[in-house]
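I opened this entry to keep track of what I looked up. My notes follow the order in which I checked things.

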Amino acid sequence: MIVIILENVKPALRGELSRWLFEIKSGVFTGRVSALVREELWNLIESKLGKGSAVMIYAQNTEQGFGAKIFGVPSRTLEDIDGVLLVKTQS
């Protein structure tokens, strides 16, 4: 399962993601896709993001049970502290 959160992106990108994932709220997508499709969706996001930002959270065999990727300039970032992801807010 994956969750993708988009901020300040063009509606066209949201439309393309809605072909593969369920948009549960404006800019928040979720679904179950293979690792290959997940990476292709992330490549699509990186190529069409513009000035926005994206966060992807996906199932992974880690202590927390998930991994995450960030692209752009989000309002929050992730810090990896000894293999544990923590959220860091911009001050």
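I began with one pair. Serine 53 stands opposite glycine 72 in β5. Strands here are DSSP runs (E, at least two residues), helices are runs of H or I with at least four, and both are numbered from the N terminus. I then looked up the pairing of β4 with β5 (residues 66-72): the two are antiparallel, over seven bridges. Strands count as paired if DSSP finds at least two bridges between them. The hairpin of β4 and β5 has six residues between the strands, and glycine 65 takes a positive phi near 90° there.

Next, the ground rules. Residues are numbered from 1 along each chain as its sequence is written, and side-chain values use heavy atoms, with hydrogens and water left out. The model is predicted: local features need pLDDT of at least 70, side-chain atom pairs count only at pLDDT 80 or more, and totals for chains, interfaces and linings use all residues.

I checked confidence. pLDDT is the predictor's confidence in each residue, from 0 to 100. The protein has a mean pLDDT of 91, with 99% of its residues at 70 or more. Strand β3 (residues 28-31) has the highest confidence, at 97, and strand β6 (residues 76-81) the lowest, at a mean of 82. Where pLDDT is low, predicted coordinates should not be read in detail.

I moved on to β6. It runs antiparallel to strand β7 (residues 84-89), joined by six bridges. Leucine 78 has valine 87 in β7 as its bridge partner. The hairpin of β6 and β7 has two residues between the strands. Aspartate 82 lies in that loop. Its phi is positive, about 50°, although it is not a glycine. Buried or exposed? I looked up aspartate 82. Aspartate 82 counts as exposed because its relative accessible area is 79%; the cut-offs are over 50% for exposed, under 20% for buried and partly exposed in between (1.4 Å probe, protein chains only).

I found a positive phi at another non-glycine: asparagine 8, at about 55°. Asparagine 8 sits in the loop between β1 and α1. At 71% relative accessibility, asparagine 8 is exposed too. I then measured nothing by hand but read off a computed distance: lysine 51 and asparagine 8 are 7.1 Å apart, C-alpha to C-alpha, and 43 residues apart in sequence. Lysine 51 belongs to the loop between α2 and β4. Lysine 51 is exposed, at 85% relative accessible area.

Then the interior. The largest nonpolar core (buried Ala, Val, Leu, Ile, Met, Phe, Trp, Tyr and Cys residues joined through side-chain atoms within 4.5 Å) has 16 residues. Ile4, Leu6, Leu13, Leu17 and Ile45 touch the most other members. β1 (2-7), α1 (11-17), α2 (35-48) and β4 (53-59) each give two or more residues to this core. α2 gives the most, with four. I listed contacts (heavy atoms within 4.5 Å) for isoleucine 4. Beyond four places in sequence, they include Leu17, Phe29, Ile45 and Met56.

Last, threonine 30. It lies in strand β3. Threonine 30 counts as buried because its relative accessibility is 13%. Its side chain reaches the backbone oxygen of isoleucine 2 at 2.9 Å. Among its contacts more than four places away in sequence are Met1, Val3, Leu21 and Phe22.

Key
A polar contact is a pair of N or O atoms within 3.5 Å; within protein, one must be able to donate a hydrogen and the other to accept it, and residues adjacent in sequence count only if both atoms are side-chain atoms.
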